[in-house]
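Got the viewer open and a cursor ready? Here is a short walk through the model, one selection at a time.

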Amino acid sequence: MAKKLAILFGIVFVIVGLLGFVSNPIVGATGYFLTDAIHNIVHILVGVVLLLASRKGGRASATALKVFGVIYLVLFLDGLVQEKLLGFIASNTADTYLHLVLGVVLLIAGATSKSAPAMMDSSTM
């Protein structure tokens, strides 16, 4: 299950990152979720890392999901303290609370997926 979730989240992150470079009302410089080029590139990189982790199997996928869950929770806390993420990446209040949701969802996805039996993971066969 972790592999499937890592693939799903990976694809979504890549799409959102690419979408940030195109004028639209959802994500980008004029979108509801404010991003800049660095923010968009980070989304693409997170997506690529999740996709690469999915190729390594369920355990790597679960670990990547949990690691990014923690990172997004830290970004949520950072967003509460300062206007720009890490002091230099464009962000707004909608981004801050999206990071909270992403952090929780990614942590749960990674934590609950790891409880699946290892023999169900095709990479171990």
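Start by selecting H43 and showing everything around it: once you skip the neighbours within four places in sequence, H43 is in contact with F13, V14, V16, G17, T35 and Y72. Keep in mind that you are looking at a predicted model. H43 itself belongs to helix α2, which covers residues 37–56. Is H43 buried or exposed? Its relative accessibility is 8%, so H43 counts as buried, the cut-off being under 20%.

Stay on α2 and slide along to R55, which is in this helix too. Here the relative accessible area is 72%, so R55 is exposed, the bar for that being over 50%. Now pick the C-alpha atoms of R55 and I71: they sit 21 Å apart in space, with the two positions 16 residues apart in sequence numbering.

Next, switch on a surface and colour the nonpolar side chains. Select L18, L19, F21, V22, I26, I41 and L45, and you get a nonpolar surface patch of about 630 Å². Which elements give two or more residues to the nonpolar patch? Those are α1 and α2. L45, for one, lies in helix α2.

Now hop over to A29, in the loop that links β1 (27–28) and β2. With a relative accessible area of 64%, A29 is exposed. Leaving out residues up to four places away in sequence, A29 touches L34 and T35. You have met T35 already, among the contacts of H43. For a longer jump along the chain, pick S91: its C-alpha is 9.5 Å from that of A29, although the two are 62 residues apart along the chain.

Last stop: helix α4, residues 93–113. Zoom in on the start of α4, where a side-chain oxygen of N92 comes to within 3.3 Å of the backbone nitrogen of A94. Then pull back and draw a line from the first C-alpha of the helix to the last. The 21 residues of α4 reach 30 Å, close to the 30 Å expected at 1.5 Å a residue.

Which residues of α4 are buried? Select A94, D95, T96, H99, L102, G103, L106, A109, G110 and S113. To see what covers these buried residues, bring up α1 (2–19), β2 (33–34), α2 and α3 (58–81), which are included in that cover. That brings you back to α2, the helix where H43 is found.

How values were computed: Residues are numbered from 1 along each chain as its sequence is written. This is a predicted model: local features need pLDDT of at least 70, side-chain atom pairs count only at pLDDT 80 or more; totals for chains, interfaces and linings use all residues. Side-chain values use heavy atoms; hydrogens and water are left out. Helices (H or I, at least four residues) and strands (E, at least two) are DSSP runs, numbered from the N terminus. Buried means under 20% relative accessible area, exposed over 50%, partly exposed in between (1.4 Å probe, protein chains only). Contact means heavy atoms within 4.5 Å. The expected span of a helix is 1.5 Å times one less than its number of residues. A polar contact is a pair of N or O atoms within 3.5 Å; within protein, one must be able to donate a hydrogen and the other to accept it, and residues adjacent in sequence count only if both atoms are side-chain atoms. Patches are made of residues with over 30% relative accessible area and no salt bridge: like charges are joined within 9 Å, nonpolar side chains (Val, Leu, Ile, Met, Phe, Trp, Tyr) within 5 Å. Accessible areas come from the Shrake-Rupley method with a 1.4 Å probe; for residues, only the protein chains shown count as cover. A salt bridge is a side-chain nitrogen of Lys or Arg within 4 Å of a carboxyl oxygen of Asp or Glu.
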